[in-house]
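Student: I would like a close look at a single part of this model, with attention to how its aromatic side chains are arranged. Please take it slowly and keep the geometry explicit.

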Amino acid sequence: MPTYQPWYHGMITRSRAEDLLSKEPRDGSFLIRDSESIQGAYALCVLYQNCVYTYRILPNEDKKLSVQASEGVPISFFSGLPDLVEAYYGPAMGLVTHLQYPIQREEEMEDDTDSSLPPQLPPRNFSTSDTKDTEQVTKSLSDTYMARLQHMDISILQEEHQVALQDYFRTSICLDLEQVQNGNPNLPGLKKLTMIICKSLNNEISRVLPSLEMANRILDQQLSPGIGHLSRQISVDSLQSTSFRLEQLTKLLYSIEDKAKGAVFESAGYEGGHRKSLIPAVTFEVKQESLGISTKIFLKVDVESGKLFYKKSKDGPEDKYYVHNKILQLVKSQKIPAKISINVETEKEKVVRKEFVFEDAKKREGFCQLLQLMKNKHSEKPEPDMITVFVGTWNMGNATPPLNISSWFLCKGQGKTRDDTAEHIPHDIYVLGTQEDPLGERDWVETVKSTLRNITNISFKQVASHTLWNIRIVVLVKPEHENKISHIFSDSVKTGIANTLGNKGAVGVSFMFNGTKFGFVNSHLTSGSEKKLRRNQNYTSILRFLNLGEKKLTPFDITNQFTHLFWLGDLNYRVEMQSTEAEYIVTKIKQQQYQELLGKDQLNMERSEGKVFLHFDEEEITFAPTYRFERYTREKYAYTKAKATGTKYNLPSWCDRVLRKSYPLVHVICHAYGCTNDIMTSDHSPVFASYEVGVVSQFVSKQDPDSAVQGGIQIMNCMATLLTKSQTKFCIEYHSSCLEKPVKTAEGENTHQSNGFINVWFGNQVQLTPIISDPEYLLDQHILICIKSTDCDESYGEGCVALRAAEFCYTEFQITLTHNGEKTGTLKGGIQLHTTESKPTEKLYDFIKVERDDPASSKCKGGDKVSQALDISNPNYMGLPYKTGNMKDKGWSYSMQPKPAPGSRSPTMKHPAEDGKRSEMFDNPLYGSMSGASHSRPKDQQKDLLSPPDAFSFIKTADADSDRPPLPTPRTRSFTCSETSPQTTAPVATHSAKPKKPVVPSRSDTNTVNKPRLPTKCRPGPPEPPNAKLKDFREAAELPGKQKAPSRPGQTPRFSS
């Protein structure tokens, strides 16, 4: 906008526009904002009878503006928004009502600079309207620099250079200033000065460059035919600037250095940049019980040879060993944190279960990581389906880092750390975010590479880096993964003063690892304990304007575009307590009693209210606050600072954080989250996080495309509840990498609107056709859903549904819709898969499971136990709730059914019983295999898992016990399971290739209500239904998963506060 207009609100969100109009509920109230769907367009928002009507304002080829109003009204064109608004104050212009009351634009909150640095001023804007003022500014600028020049001894310079400097600062700098004021930013005077000073340097570059190019060609394995012409081009072209020539020179020097290092490493016995014997053998002391007698033995893990040795003494000979392919399963005990069971295959092809108890849970975790690495290393799979990711953030405090920063990458220090036995295991990807970084990008990358090379003997490859002022993100990967990385994007957003300075803001990088999308955001938000709201605004701005990922996913913000999104940085959220309690806080920290302080943590409080980082996960914080230390010590917090306005308090706080948001039903485990205690050059401590992440390979179907039956994805019975006052029609848009193009539904039917909510019924069944029908591929895919208005094409909410939820049968889902990081409603519906006949291969990350209860097992000779079906689950769905309250609504739930009983058929795969033998793999609730886990869980805990999000609840849990204490819930993912009784109202999944066999009822389907209850361990099938007194609320018709699929717009859902 050329001039300020009070009704123009710029790039505010649609929901914010509705909030502003609701504050002045008068018919004819209006404002204009930028369109969210079309760049360069606007949206006119008008309030009438407590509903908001939105009209597009579109520019034509001549930059004339017109309003998309009612049909039959002649289209008028206007040269600008003021003319358009003035015209629409009149009646009969096609709007629901004429414009009357403009909504005034809100004043933006100003940011300040970091408290530890002197304020950085924005670029000075010299007004050209007043010639006298301009002359004064120009003269003042010249006098300032001439005064500085007179105080310097320039006699040591060449006479030609002395004259050039004096001429520039006396006269030429004034001419450059005039050029800038006239719109020419080239600074010709400065260019002339550098040409004079660098005359000899240009000649020297022309002389040196050919020799460097020759050295580069000698080291290059594949000689480029055109490289010899580079020196001639640069030396002949006199128009090339000195900085460009220096850049070419620098690039060649770096290229020579890298190639020389590679040649030396290769000749020194490196393979792929790392030594042949990378992981040394590690021995663990454990206890094994046999016939009630505890015996000490030693387990030796040799990753390189792929063997697990049993030894009676630490330095003695190996008594027995198992090869990696004979080690079938690791089962962690939940009751005893240091206990583990190993299922191995003997020579007689019998599966034997061996139980061991480690020194502590940390040792057990190190053992599991080594065994997992061994399985991955010797796997016959061409591509990995699991990798490890290191995420680190460090505010460097504008200080050069110490020589040794290895503890950061080894995850050593405070908090949840890796065991010493696992420190030799390198991560596949390292992502480092720094703030107030004083180093140049090249220097910092070389520092990191050198440190990793010393730790791992691997020369990591740089994938991407991006810098905004002193905010930087760097991504490094193992050399063998370099060709798996594609679709690399990077961007930055400024959130400093007036959102124009980059002293605060964010940088981001995204890429694909084979078929899995990763996003990483490093942010430095506004400082100051009292600036909490401004930090929330920073987060929203970054979410809206950080441009990562594919352009075809523009309706979705970055929280929905990636399989895994990691957000790290100095978020600057503080512990919200009185400054007089500073010493009390320090005392609590020394006692390692963090829970009370974490309860006052601003980020935790804002997240619990759904204001920022909605549906993000953060591992439990068990380390001390990382800010604000006295430099060169970690023993004392410097929480006071003397300023001209008085003493300022910076209470010890967890400013530096790592959070994560992933798609539903994907594999991700956090193995470490903490901070170092030996890197002390900054007033912040570096923070580290280590994740185990499931990835998807680029799928190549083994089936004949001509003979394979075409699969399908059916989505039906969708009902959206939207938090909006807009009076418009809606449709659903489906996006996925498994679809050839986005699919848009027909217009939905608005069934009810009240209290700022509107219900929209999408009754028609939508058939989506995947590009590949193989379940091996489809079960790893996700469908992105966007609710759009049909008139403005703007999003009113986005969400995600995992196809794995419908692996075995028709599944009902409920997802929370979000837009620009805010909760905007919910969507309920059903999904069903039709795929070709194929058995998906087992994932490598299913090698480790967690045992919920003591198994019923039969002992064999020597105390070994024959493996039986255990009540276990995938470990990334286990764990206690965070005491800090970090585990909240996950944004999705599914009525996932148990595995089909023997005799029934899955829509995606054959049951193991059809192969003639029972599968030895254990049930995994990640994939909906609930035969054990869902029944052994306490009834009240099932009730918790089935409860929909509080803010958009569709069920009143009247039967719930309000006095019941909170129960453990999964740490990194929540899921819901329906009862084992068959659904009579939901469609039954069908198989695409063969007709469905009749279902053979299991014992749990017969009438067992009057039979006496058996002990839990002896019960042959699922537990019988509870008596009437203990009847679970899920048996009521209110449950979304049990509702009859409506054929017409149904009854209005009830909301619970």
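Student: Is phenylalanine 613 buried or exposed, and what is its relative accessible area?

Tutor: In this predicted model, phenylalanine 613 is buried, with a relative accessible area of 2%, and because buried here means under 20% relative accessible area, the assignment follows directly from that value. Its ring pairs with that of phenylalanine 616, the two centres being 5.2 Å apart and the planes standing at 90 degrees, so the arrangement is edge-to-face. Phenylalanine 616 is likewise buried, and its relative accessible area is also given as 2%.

To place this pair in its setting, a search of the whole structure finds 32 aromatic pairs. One of them joins tyrosine 594 to tryptophan 654, again edge-to-face, with 6.0 Å from centre to centre and 85 degrees between the planes. Tyrosine 594 belongs to the loop between helix 14 (582-590) and helix 15 (595-599), whereas tryptophan 654 belongs to the loop between strand 25 (646-649) and strand 26 (656-662), so this contact ties together parts that are 60 residues apart in sequence. Both tyrosine 594 and tryptophan 654 are buried.

Elsewhere, Phe390, Trp394, Trp408, Phe409, Tyr430 and Phe460 form one aromatic cluster. Aromatic rings also meet charged groups: the charged end of arginine 26 sits over the ring of tyrosine 101, at 3.9 Å from its centre, while lysine 300 lies over the face of phenylalanine 309, 5.5 Å from the ring centre.

Terms used
Residues are numbered from 1 along each chain as its sequence is written. This is a predicted model: local features need pLDDT of at least 70, side-chain atom pairs count only at pLDDT 80 or more; totals for chains, interfaces and linings use all residues. Side-chain values use heavy atoms; hydrogens and water are left out. Rings of Phe, Tyr and Trp (its six-membered ring) pair if their centres lie within 6.5 Å; planes under 30 degrees apart count as stacked, over 60 as edge-to-face and the rest as tilted. Helices (H or I, at least four residues) and strands (E, at least two) are DSSP runs, numbered from the N terminus. Buried means under 20% relative accessible area, exposed over 50%, partly exposed in between (1.4 Å probe, protein chains only). A charge sits over a ring if NZ of Lys or CZ of Arg is within 6 Å of the ring centre and within 35 degrees of the ring normal.
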